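I opened this one to see what sits inside, how the strands line up, and where the chains meet. My notes are below, in the order I looked things up.

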Amino acid sequence: MRVTSIWTEYLKLAEPNSLAMQDNNTEKVISLNGVTYRYRGGESLHFADLEIPVGRHTLILGDSGSGKTTLLHILSGLLKPDTGNVTIDGQLLYDLAPRQLDEFRGRRIGLIFQEAHLVKSLTVKENLQIAQGFAGAKVDNSRIHEVLTLLNLDHKANSYPNKLSRGQMQRAAIARAVVNRPAILVADEPTASLDDRNTASVLELLLNQAETSGATLIIATHDKRVKTRIAHAYELGGHLS
Amino acid sequence: MNLLQIAWKNIRQNQATSILGVLLTAFGTGILCVLLLTSHQLEEQLDNNSRGIDLVVGAKGSPIQLILSSVYHMDNPTGNISLAEANKLTANPMVKLAVPLSLGDNYRGHRIVGTDSSFLQLYGLELAEGRLWQGDFEAVVGAEVVRRHGLRIGDKIYGAHGLSSGGHTHDEHPYTVTGILGTKHPIADRLILTNLASVWRMHGDHADTDAEAHDHGHHHDADDQHDVVGVEEHEHHHGETHEHTTTDHPTPTTDHPTPTTDHRSPNTDHRSPTTDHQLVKSIMGDIGSGEREITSLLIQYRNPAAIGMFPRLVNQNTALQAASPAIESARLFSLLGIGIDSLQVLAYVIMLMAALSIFISLYNALKNRKYDLAIMRTLGASQGKLFGIVIAEGILLTFVGAVFGIIIGHIALYAISSSTTGNATLLNAMTLLPQEAWLVAIGVGIGFVAAALPAIKAYRTPISQTLSGN
């Protein structure tokens, strides 16, 4: 298989020295080694090895079709790579049995999408309850209350998604992603369809919640506005073969 | 939230299609429930109610009709038979007990049955209150009659012509309620029992009248002018003498001068059941006259040898008809079975439609729910849990439908049993059968099958593809 994709790491805001120290002294929350993925049509991607320390919020940049979403899905345990290892929070992801992987994902990985994708038949609170339940945790209503309060959604706890504004839905989706205090918070194009003001607001929320929950934030985006807020970024280059 | 709660929430989200599935399941289960209860209870009743009766002897005609009219009190009799001929049969050594029945009138749909105390012995009935009739136009009423019409000891009831309500009322001869039967027997509970003479007198004594004018329900003319000949000898004003309780009732011998041979002495009705065998024969002997008629004779054999011989004796050597309740009940049930089978097919077709409706509803809903399912996977739900959620939806829909259907079935049966005439009711809507649990199980099974394919589709939801919008 021909290598067609590489990582380009660049540092925008942080000083190189401090980053190096952080890298040396901090436990890795994400690690990719020799990961390749072949699409059904035969095209394949080879991802450069990657290590992200705990707490280093990181952007994954790239044009449409460069494989950002594929990489996020591989990192989230949703898409098994053809070769290579993925380690999240010290756990070799694809060594887990399918059910263990599902539970691990539920507990340690929070996912946020461009659309909120709340379960329509459930209230905001119930959306958070199933997030706890599917992750194998006991439903903790005080934690749900805490998260919803932080996101100023407590008064909408018993509302169904169709009764929420777009902003409220996005906040509810963030609440659902952080309710289990994940190790990594993965967001796929969270600002793609937002104006500048809402983009800033969503980024603020994501960063705050990642900090509050102790999660490392990984955002895949081609939105240049996001680059101003996140120090580290990896650009996904190359082309599909 | 567990899977059932999530499934229930999804069902509520799609109310219109869910209600259709529930209703179709309910109708199918409802029909099956009615059929189950009806066939089970009919079979049981046909069996139980004819227990102890080995043979019914009546006028020539349909044997099923004879059984229905004399044992189940559901149909019109085949006609009348000569009391003299009946007496000859009663005297046969193969006969242990012979209970005469004389039908023709009703009280609000409840049949008034002219008989003697051997009727109580045959069915193992006991008085819950009051006493047995001691004279003409005194009656013992069944518990269900009392319940429905609030009758009490001493009340007067007016019989009407025919075997179902609506006939000409016998205003001139009210019956006085002297006793109430304890709840014991589904048929007897709905009857009003009196002595034979009362029925004869009500319709004019057959010893002196033309039998064709008293066809007891077949072509009985409601405007008949009753022949009062023979009644005169019984004029002892029951209405006046029986409007008080048992304790202050004058002794029958003083208050009811024995009307020669027209009916037995009231004293005989007070004999213990153990002597009723002799009693029956003596009653028949007392009645005596060969001109009198009764409707039928319920016979209990003295020994099993009579099973093969006695019916043949009756059918070949007399102008009467002998019908075996066991044989005719089985024949009747097999005839009913054809109708039940047809309705069962209809019910299964409706259940199949319910299954299709649920399948289509769940399958179509998957298109709208594909993101929901994919998101659940990202939240940690396993493939098995998604399968379980969709299966639970199918099962919940049919479970609710099946339970609802069973309730509908019982309500329908109640309506059916309430709309039928009082003493023709053999169905009890309040009875719960263990087999009804099977109906729910069948419903749940149908729900599982209907949801299986959508559930497999949910199980195979490609999360990455779905979330990528590919």
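These entries go through chain A, then chain B, then the contact between them.

**Entry 1: before anything else.** I'm working from a predicted model.

**Entry 2: the big core.** I started with the largest nonpolar core, which has 119 residues. Which members touch the most others? I got Ala175(A), Ile184(A) and Leu185(A). I then listed the contacts of Leu185(A), skipping its neighbours within four places in sequence: Gly110(A), Ala177(A), Val178(A), Leu206(A), Ala210(A), Ala215(A) and Leu217(A). There is also a second, separate core of 58 residues, and its members include Leu120(B), Ile157(B), Trp200(B) and Leu298(B). My reminder to self is that nonpolar side chains tend to be buried together in soluble globular proteins.

**Entry 3: strand β10(A).** Leu217(A) sent me to β10 of chain A, residues 216-221, where 6 of the 6 residues are buried, so the strand is largely enclosed by the rest of the structure. I sorted the side chains by direction: Thr216(A), Ile218(A) and Ala220(A) point one way, while Leu217(A), Ile219(A) and Thr221(A) point the other. In a regular strand, side chains alternate between the two faces of the sheet.

What does β10(A) pair with? I found strand β5(A), residues 58-61, running parallel to β10(A) with 4 bridges, and Ile60(A) has Ala220(A) as its bridge partner. Strand β9(A), residues 184-188, is also parallel to β10(A), this time with 5 bridges. There, Val186(A) is opposite Ile218(A).

**Entry 4: strand β2(A).** Next I looked up β2(A), residues 28-38, which is antiparallel to β4(A), residues 50-53, through 4 bridges. Leu32(A) has Leu50(A) as its partner in β4(A). With β6(A), residues 83-88, β2(A) makes 5 antiparallel bridges, and Thr36(A) faces Thr83(A) across that pairing. With β3(A), residues 44-46, I count 3 bridges, again antiparallel; Arg38(A) is matched to Ser44(A). β2(A) and β3(A) make a hairpin with 5 residues between them, and I noted Gly42(A) in the turn for its positive phi of about 105 degrees.

**Entry 5: chain B overall.** I tallied 15 helices and 12 strands in chain B. Of its 470 residues, 50% are buried. For contacts in chain B between residues at least 6 apart in sequence, 81% join residues at least 24 apart.

**Entry 6: helix α11(B).** I picked α11(B), residues 306-317, and checked its length: 12 residues reach 15 Å from first C-alpha to last, close to the 16 Å expected at 1.5 Å a residue. Which of its residues are buried? I have Ala306(B), Phe310(B) and Val314(B). They cover an arc of only 40 degrees around the axis, so they are on the same side of α11(B). An α-helix has 3.6 residues a turn, so residues three or four places apart point the same way. On the face turned away from the buried side I listed the exposed Gly308(B), Met309(B), Arg312(B) and Gln316(B). The cover over the buried residues includes β1, α4, β11 and β12 of chain B.

**Entry 7: where the chains touch.** How many residues are in contact across the chains? I got 20 from chain B and 26 from chain A. On the chain B side, the elements giving two or more residues are α1 (3-13), α12 (325-378) and α15 (463-468). That side splits into 9 nonpolar, 7 polar and 4 charged residues.

Definitions and conventions:
Residues numbered from 1 in each chain as written. Chains lettered and ligands numbered in written order. Predicted model: local features only at pLDDT ≥ 70, side-chain atom pairs only at ≥ 80, totals over all residues. Core = buried A, V, L, I, M, F, W, Y, C linked by C-beta atoms within 7 Å. Buried ≥ 20, exposed ≤ 12 C-beta atoms within 10 Å, placed from the backbone. Contact = placed C-beta atoms within 7 Å. Expected span 1.5 Å × (residues − 1). Arc of directions from axis to C-beta. Nonpolar A, V, L, I, M, F, W, Y, C, P; charged D, E, K, R; others polar. Pairing = 2+ DSSP bridges.
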